[in-house]
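Here's a quick briefing to read with the structure open beside you. Have a look at the fold first, then go through the points below.

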Amino acid sequence: MFTRISIHSVPVLDQDEALDFYVGKLGFQVVADVDMGFMRWLTISLPSDPERQILLEVPKPPRLSEEVAAQVRDLVTKGALGVAAILNTDDCQKTYDTLSAKGVEFTEKPTQQPYGIDCALRDPFGNHIRITQVAEGPVEVTEEDIARWRGDS
């Protein structure tokens with residue numbers, strides 16, 4: 001049946017601002033930037049994973065009605081659409097330091113988790129992005145981990 005995921009979409013409110021952030025700060029590369037008349041087809045990928053692309057798409061007609069597009073844009077700015085992407089790194093702390101120096105604002109600092117070390121940020125529009133240095137070996141989640149994730153501490 002399916003062999004891989006090639007493109008997934010991340011809603012953005014301004015594609016030029018999205019390029020500044022995803023390419024200029026996070027280090028993605030532009031794969032396609034095509035004016036299709038009714039929309040701009042703008043895809044990016046990581047240089048290390050060029051076959052998996054993100055479509056930076058503005059929620060608007062004709063794909064969505066203006067009413068629904070406005071609702072989606074509102075949900076994006078509220079950060080209500082969940083995680084847009086989880087990016088892997090070999091060194092979470094170094095990645096955090098490098099991106100912080102470029103002006104990227106994080107919502108969570110690098111933290112040891114059962115699955116590795118990760119941190120979190122939002123893009124300029126409100127989309128959640130996690131950066132994870134994946135742990136080797138089996139993952140064991142403790143009751144303390146669960147309580148911390150729930151905010152019980």
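What follows covers the annotated domain, the nonpolar core and two pockets.

Keep in mind that this is a predicted model. Its largest pocket holds about 330 Å³ of space, and its largest nonpolar core has 26 residues.

**The annotated domain**
- UniProt lists residues 4-134 as "domain: VOC", and the entry is an unreviewed one.
- In the model, that span is 25% helix and 43% strand.
- If you look at the two ends of residues 4-134, their C-alpha atoms lie 21 Å apart.

**The nonpolar core**
- Within the 26-residue core, the residues with the most contacts inside it are Tyr22, Leu26, Leu56 and Phe106.
- Two or more residues each come from helix H1 (15-25), helix H3, and the strands S3, S4, S5, S7 (116-122) and S8 (128-134).
- H1 is the top contributor to this core, with four residues.
- Zoom in on Phe106 and you'll find that it touches Tyr96, Leu99, Ser100, Cys119, Ala120, Leu121 and Ile131, leaving out residues up to four places away in sequence.

**The largest pocket**
- This one has about 330 Å³ of space.
- Its lining is made up of 15 residues, and those closest to the pocket centre are Leu26, Leu46, Asn88, Thr89 and Thr95.
- Strand S5 (83-88) and helix H3 (92-101) are the elements that give two or more residues to the lining.
- H3 gives the most, at four residues.
- Sorted by class, the lining comes out as seven nonpolar, six polar and two charged residues.
- Leu26 is worth finding on screen: it is among the residues closest to the centre of this pocket and among those with the most contacts inside the core.

**The second largest pocket**
- Here there's about 210 Å³ of space.
- The lining consists of Ile5, His8, Phe28, Ser45, Leu46, Asp49, Arg52, Ile54, Ala85, Ile86, Leu87 and Asn88.
- Strands S3 (40-46), S4 (49-57) and S5 are the elements that supply two or more of these residues.
- S5 provides the largest share, four residues.
- By class, you get seven nonpolar, three polar and two charged residues in this lining.

**Where the two pockets meet up in the residue lists**
- Leu46 and Asn88 are among the residues closest to the centre of the largest pocket, and both also line the second largest pocket.
- S5 gives two or more residues to the lining of the largest pocket and four to that of the second largest.

Key. Residues numbered from 1 in each chain as written. Predicted model: local features only at pLDDT ≥ 70, side-chain atom pairs only at ≥ 80, totals over all residues. Heavy atoms only, no water. 1 Å grid on protein atoms, 1.4 Å probe; cavity = no way out; pocket = protein on both sides within 12 Å on 5 of 7 lines; lining within 4 Å. Points joined across faces, edges and corners; volume = space filled by probe spheres on them. Nonpolar A, V, L, I, M, F, W, Y, C, P; charged D, E, K, R; others polar. UniProt positions renumbered as here; feature names shortened; annotations may be inferred. Core = buried A, V, L, I, M, F, W, Y, C linked by side-chain atoms within 4.5 Å. Buried < 20%, exposed > 50% of the residue type's maximum accessible area, 1.4 Å probe, protein only. Contact = heavy atoms within 4.5 Å.
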